[in-house]
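Me: I should like to take a close look at a single part of this structure. Please describe the sheet that the two chains build together, and then place it in its wider setting.

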Amino acid sequence: MSDKIVKNSTSQALRVLLVGNPNTGKSTLFNTLTELNQKVGNFPGVTVDKKSGYLRINDKSVSVTDLPGAYSLSPNSEDEKITSKIVSETENNDVVIAVADATNLSRNLMLVTQLIDKNKTVVLALNMMDLLQKNNQEINIDELSSQLGIRVIPLNAYVGKGIEDLKQAIVSAQKPTKKFIESSEFGSLDDNLIRYKKINQLVDKCIIKKGEDKNSGLTKKIDNILTHKYYGYMIFLSLMFLIFQAIFSWSSYPMEIIENAFLQLGGWLSEVVPQGILSDLIVNGIVAGLSGVVVFVPQIAILFAFIIILEDTGYMARVSFLMDKILRQFGLNGKSIIPLLSSTACAVPAIMSARTINNTKERLITIMVSPLISCSARIPVYTLLIAIAIPKDKTFGMFNLQGLLMMGLYLIGFLAALFAAWIMKIIIKSNEKSTFILEMPIYRMPKWKSVGLNIFSKVKVFLVDAGKIIIAISIVLWGLSSYSPGNRIEKIEEKYSEAIKSQNGNQLLMNQNGEYMNEEELNAHIASEKLEASYAGIIGKTIEPLIQPLGFDWKIGISLVTSFAAREVFVGTMATLYSVGDSDNSTSVREKMIDAKNSKTGEKLYTFATTISLLLFYAFAMQCMATLAVVYRETKSFKWPVIQLVYMGALAYFSSLLAYQLLS
Amino acid sequence: MRTLDQLKQKECGTILSIVDNQLALQLISMGFVIGEKITVDRIAPLNDPIIISCGSNCVCIRKKEATLITVDDE
């Protein structure tokens with residue numbers, strides 16, 4: 001009975017699909033229609049983000065799905081494939097809103113008339129009416145509507161004009177009254193030529209031309225500067241510099257707040273939840289894992305803000321134009337610039353944005369090398385290790401040496417990505433033609449509300465996709481570091497609890513200054529000893545012979561194991577290993593690490609050579625489960641994530657080996 | 001008759017043919033159609049790719065693709 005009700009209600013619920021050429025303001029319209037009632041999921045069986053949301057029309061709930069931009073129903077890229085597939089699977093009562101740029105009617109009508117000829121319930125949303133007015137042009141809407149046999153709604157998604165009309169048109173939408181052309185072979189070149197000619201006749205009838213295209217004139221003037229052979233690259237590089245400055249300076253404050261909030265949450269939970277395994281799991285497994293994900297939200301949000309603005313204004317297309325020749329030498333594509341730049345925040349959304357690359361080989365190479373670009377999760381590791389390797393106020397000329405090393409690490413990541421791409425270009429065979437066809441949209445001010453909603457949905461994807469994996473792995477790692485074979489850990493606990501009782505308080509162990517340890521120091525010491533006995537400790541000791549040539553000992557081995565899920569876990573593990581009770585106090589972690597001795601030789605462990613070797617390892621190694629999962633999802637095979645894991649691991653191992661052997 | 005890659009910056013011509021069927025299909029959906037006037041708006045600083053325009057449509061293509069497009073001199 002209840003099944004039946006559910007079925008009925010879903011079949012009656014109106015489903016709306018947004019279809020249109022790229023750069024027509026489709027996403028802005030989607031954001032205007034649904035506002036915050038949207039979610040990002042996946043289309044079943046395919047890997048493209050499904051942006052869907054809800055809106056209410058006359059007290060009825062209507063679902064809206066934003067399909068990837070497409071120029072026609074004959075697909076040329078992964079994105080277009082999805083759109084044409086979803087459109088072909090629509091049911092009779094589904095409504096397709098074809099979003100078209102009114103200033104470029106004839107091209108936009110190619111897709112619209114294809115939808116009409118497929119007999120879809122189409123409503124034409126004529127966007128950018130304001131720009132049309134600026135050009136002193138006018139479209140005879142009624143004529144257009146009767147010629148096409150569908151409803152036509154003029155609107156300006158930027159100011160929300162015409163939205164109410166569009167909503168009413170959705171609920172009363174009908175099938176097209178007639179076919180646009182009778183074609184023998186849908187989607188063939190002949191079919192499209194006939195279509196094009198008929199569209200031109202129609203547009204001539206419907207456009208009341210008075211003025212000329214002013215917007216593209218302005219665009220050409222801006223392009224003279226932004227794609228200039230010298231200024232073009234200079235402007236791009238300074239923009240990148242500005243963005244990185246902004247990411248690091250603007251995000252530090254919110255990141256601190258988030259870290260503190262999670263510390264307080266952990267503290268509060270450990271008081272509320274009864275002591276024991278459950279409390280330990282929640283505080284040290286789940287909350288710590290969550291904190292590790294959420295703390296990167298400010299950096300990712302700021303980076304995405306810039307990338308979305310650069311894309312929405314039309315600048316990104318120019319960067320692709322400037323960079324294509326250079327990137328092509330490395331088997332990449334001008335469009336690879338977006339994933340490569342996004343990777344500096346997080347490889348997960350970056351890899352997803354590689355979908356616009358039509359050529360499979362170039363897309364694959366982009367996906368494979370993006371994680372070599374230093375992401376924000378490497379920052380805490382870099383910061384800690386750089387502080388160990390180089391004294392704070394050491395300078396080289398006018399530059400701070402620590403800052404230079406940080407920049408060097410970013411640079412080396414970028415160069416490694418290019419190098420790896422070049423190797424893969426040689427190795428991967430492909431018969432597919434490499435094409436690069438990219439529309440150069442006119443420059444336009446972004447709509448800030450839509451930018452905000454886009455950032456929100458991208459961050460959400462990151463939190464969900466990366467978050468669930470990191471939390472799962474955090475729990476596994478928590479298990480590995482809290483349990484031991486047999487009852488070794490319990491024995492350590494017993495040993496100390498008995499000793500504490502018999503020794504009358506805490507006068508049990510000496511600290512480095514030759515004083516008895518206070519309670520906090522003693523607890524930290526016990527934690528460290530437990531970790532050594534745990535499964536994680538055993539793994540660390542097992543791999544020690546393997547990593548010894550890199551200058552690493554078993555403690556670093558443990559960190560390599562625990563930071564497999566996410567690199568930033570390194571800092572926390574170091575804190576535990578070096579018995580820093582207060583794990584968020586990175587100063588003391590640094591001091592302890594500087595003092596640390598090699599357990600075999602008794603010499604200083606974190607020499608310059610070891611630290612640089614470790615830095616290189618973290619720069620290159622694939623220590624991110626979330627990325628591997630998304631690579632699997634995007635390539636639909638286990639082969640590529642496995643190759644990625646192995647090649648990056650090998651690169652990390654051998655460059656660390658080389659660095660350590662040369663420097664020590 | 002020349003191929004599109006031989007045109008200099010700001011030069012224009014009429015599209016005579018697009019040799020590759022797939023490319024022709026893709027270009028027609030982006031507003032580049034045989035018989036229409038085409039202009040080379042801009043050549044990238046490193047000499048490749050190029051920005052071409054046809055009416056109010058403006059796209060960037062590589063020279064390799066441009067060799068597949070023949071144009072009539074004006």
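Reply: The account below begins with the sheet, follows its strands, and then turns to chain A.

The model is predicted, and the sheet in question is an open one of seven strands. Its order is 12(A)-5(B)-4(B)-3(B)-2(B)-6(B)-1(B), and the pairing is antiparallel. Two strands stand at the edges, namely strand 12 (438–439) of chain A and strand 1 (2–3) of chain B. Each of these has a single partner strand, so one side of each is left without a neighbour in the sheet.

The place where the chains meet in this sheet deserves attention. Strand 12 of chain A runs antiparallel to strand 5 (residues 57–61) of chain B, and two bridges join them. Within this pairing, Leu438(A) has Cys60(B) as its bridge partner.

Strand 5 of chain B also pairs with strand 4 of chain B, again in the antiparallel sense, over five bridges. Here Ile50(B) stands opposite Ile61(B) of strand 5. The hairpin formed by strand 4 and strand 5 of chain B has two residues between the strands. In this hairpin Gly55(B) takes a positive phi near 65 degrees.

Strand 3 (residues 37–43) of chain B pairs with strand 4 of chain B as well, through four bridges in the antiparallel sense. Val40(B) has Ile52(B) of strand 4 as its bridge partner. The hairpin of strand 3 and strand 4 of chain B has six residues between the strands, and in it Asn47(B) takes a positive phi near 75 degrees.

How enclosed is strand 4 (residues 50–54) of chain B? Five of its five residues are buried, so this strand is largely enclosed by the rest of the structure. To see how this applies to both faces, one general point is needed. In a regular strand, side chains alternate between the two faces of the sheet. In strand 4 of chain B, Ile50(B), Ile52(B) and Cys54(B) lie on one side, while Ile51(B) and Ser53(B) lie on the other. All of these residues are buried, and both faces of the strand are thus covered.

The wider setting is chain A, which contributes strand 12 to the sheet. Chain A has 28 helices and 12 strands. Of its 664 residues, 54% are buried. Among its contacts between residues at least 6 apart in sequence, 73% join residues at least 24 apart. The chain exposes about 30500 Å², of which carbon and sulfur atoms supply 60%.

One part of the surface is a nonpolar patch of about 550 Å², made by Phe564(A), Tyr632(A), Phe638(A), Val642(A), Leu645(A) and Val646(A). Helix 28 of chain A gives the largest share of this patch, three residues. Phe564(A), by contrast, is found in the loop between helix 23 (554–562) and helix 24 (569–577) of chain A. Its relative accessibility is 31%, and Phe564(A) therefore counts as partly exposed.

Finally, confidence must be considered. Chain A averages a pLDDT of 83, and 90% of the residues score at least 70. In this chain, confidence is highest in helix 28 (residues 639–663), at a mean of 95, and lowest in helix 1 (residues 2–12), at 42. Over residues 1–11 of chain A the pLDDT is below 50, and this stretch has one contact in the model beyond near neighbours in sequence. Residues 581–586 of chain A also stay under 50, and the model has seven contacts for them beyond four places in sequence.

Note on methods: Residues numbered from 1 in each chain as written. Chains lettered and ligands numbered in written order. Predicted model: local features only at pLDDT ≥ 70, side-chain atom pairs only at ≥ 80, totals over all residues. Heavy atoms only, no water. pLDDT = per-residue confidence, 0-100. Contact = heavy atoms within 4.5 Å. Pairing = 2+ DSSP bridges. Patch = residues over 30% accessible without salt bridge, like charges linked within 9 Å, V, L, I, M, F, W, Y side chains within 5 Å. Areas by Shrake-Rupley, 256 points an atom, 1.4 Å probe, with all protein chains shown as cover. Salt bridge = Lys/Arg side-chain N within 4 Å of Asp/Glu carboxyl O. Buried < 20%, exposed > 50% of the residue type's maximum accessible area, 1.4 Å probe, protein only.
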